[in-house]
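User: I am new to this structure and should like to understand how its parts are described. Please take me through the reasoning behind each statement.

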Amino acid sequence: MKKLLTTMVAAVACYAGVASAAEIKPAVVYDLGGRFDRSFNQGAYNGAEKYKADTGTEYRDFEIQNDSQREQAMRNFARRGMNPIVAIGFSQASALEKVATEFPDIKFTIVDMVVDLPNVQSVVFKEHEGSFLVGVLAAMASKTGKVGFIGGMDIPLIRKFACGYAQGVKHANADAEVFQNMTGTTGAAWNDPVKGGELAKSQFDRGADVVYHAAGGTGVGVLQAAADAGKLGIGVDSNQNALHPGSVLTSMLKRVDVAVYEAFDAAANDTWEPGVTVLGLAEGGVDWALDENNEKLITDDMKAAVAKAKEEIISGNLEVHDYMSDSACPM
């Protein structure tokens, strides 16, 4: 799969309201946290729902409750002839590899991990680039010079978000202080809003006045804590600005919705291909959210600064270090 997200977006517009070219039976397997986590999984759900609305194609989905259900869910869908099957999250990789090997005629797409098989399509994102942008905004919005980050499961992918954010903060204010906490080391870390709220409060108590989360459903608690404390939160993956209008500074958008839509659409139109696609700012795969819910929080100077940073990253004049390239962060 070599197409860029710009092609994906064009496909969404092109096929809106048009029936699929071929009969498909698509399915989605969500990661822990479920379809309504208001973040990563819900982005996938929104993409599937949009495809259904545009084409009339029904799909099946499954919300796993524990790790052992991953393989079972994919295998059950494959046995029933569901095709394509989209797996959401890096944790699906091992199960998908087994099931995809058993069902070589079924098309599988995985988001956030690479699985090298001839019937698997892998979509990954440059989360560090989008996180850099919201880091710039956080630093400029902060009155204390102290900002925070709360991750979900402590894994390299989430460290990638954290590192990109810290680089953006320091780019805008070299003297700023960045607090970081991870929620846990198991899948439960994605769905613990109480713990998320507690971690956010601890960072506010230390002087932070803007906190960015990359924690799935746990992040709902982070944003609630920010609103309760009269501070600012930053959402992730989906646009979470509307959860607490006026208290969510912005959201780092990760276009999982379009990745799911395109996987369905490509299968229907016989353009689906295996391989790897990496989506960053240049491809429209990540960005930041500005709408009626946060427009009063974003000054003209902030817009100009983030626009400049975005342009420089896309042109290559500003390089954002990827934590996953060497398991290290320069900040």
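User: How far apart do the C-alpha centres of domain 1 and domain 2 lie?

Analyst: In this predicted model, the C-alpha centres of the two domains are 27 Å apart. The domain assignment gives domain 1 as 27–125 + 257–283 and domain 2 as 127–253 + 299–315.

User: What makes residues of domain 1 and domain 2 count as part of the contact?

Analyst: Contact requires heavy atoms within 4.5 Å. The contact takes 14 residues from domain 1 and 22 residues from domain 2.

User: How much area do domain 1 and domain 2 bury between them, and which residues of domain 1 lose the most?

Analyst: The two domains bury about 1,400 Å² between them, with 61% of it on carbon and sulfur atoms. On the side of domain 1, Arg38, Ser39 and Leu281 lose the most area to domain 2, together 43% of what that side buries.

User: How many salt bridges and how many residue pairs in polar contact are found between domain 1 and domain 2?

Analyst: A salt bridge needs a side-chain nitrogen of Lys or Arg within 4 Å of a carboxyl oxygen of Asp or Glu, and the rule finds zero across this interface. Polar contact, with a cut-off of 3.5 Å between N or O atoms, is counted for seven residue pairs.

User: Which helix gives the largest share of the side of domain 1 that touches domain 2?

Analyst: Helix α2 (residues 40–55) does, with three residues. The residues of that side of domain 1 divide into six nonpolar, five polar and three charged.

Technical notes. Residues are numbered from 1 along each chain as its sequence is written. This is a predicted model: local features need pLDDT of at least 70, side-chain atom pairs count only at pLDDT 80 or more; totals for chains, interfaces and linings use all residues. Side-chain values use heavy atoms; hydrogens and water are left out. Domain bounds come from an automatic or database domain assignment. Buried area is the accessible area (1.4 Å probe) that two parts lose on being put together, summed over both. A polar contact is a pair of N or O atoms within 3.5 Å; within protein, one must be able to donate a hydrogen and the other to accept it, and residues adjacent in sequence count only if both atoms are side-chain atoms. Helices (H or I, at least four residues) and strands (E, at least two) are DSSP runs, numbered from the N terminus. Ala, Val, Leu, Ile, Met, Phe, Trp, Tyr, Cys and Pro count as nonpolar, Asp, Glu, Lys and Arg as charged, and the others, Gly among them, as polar.
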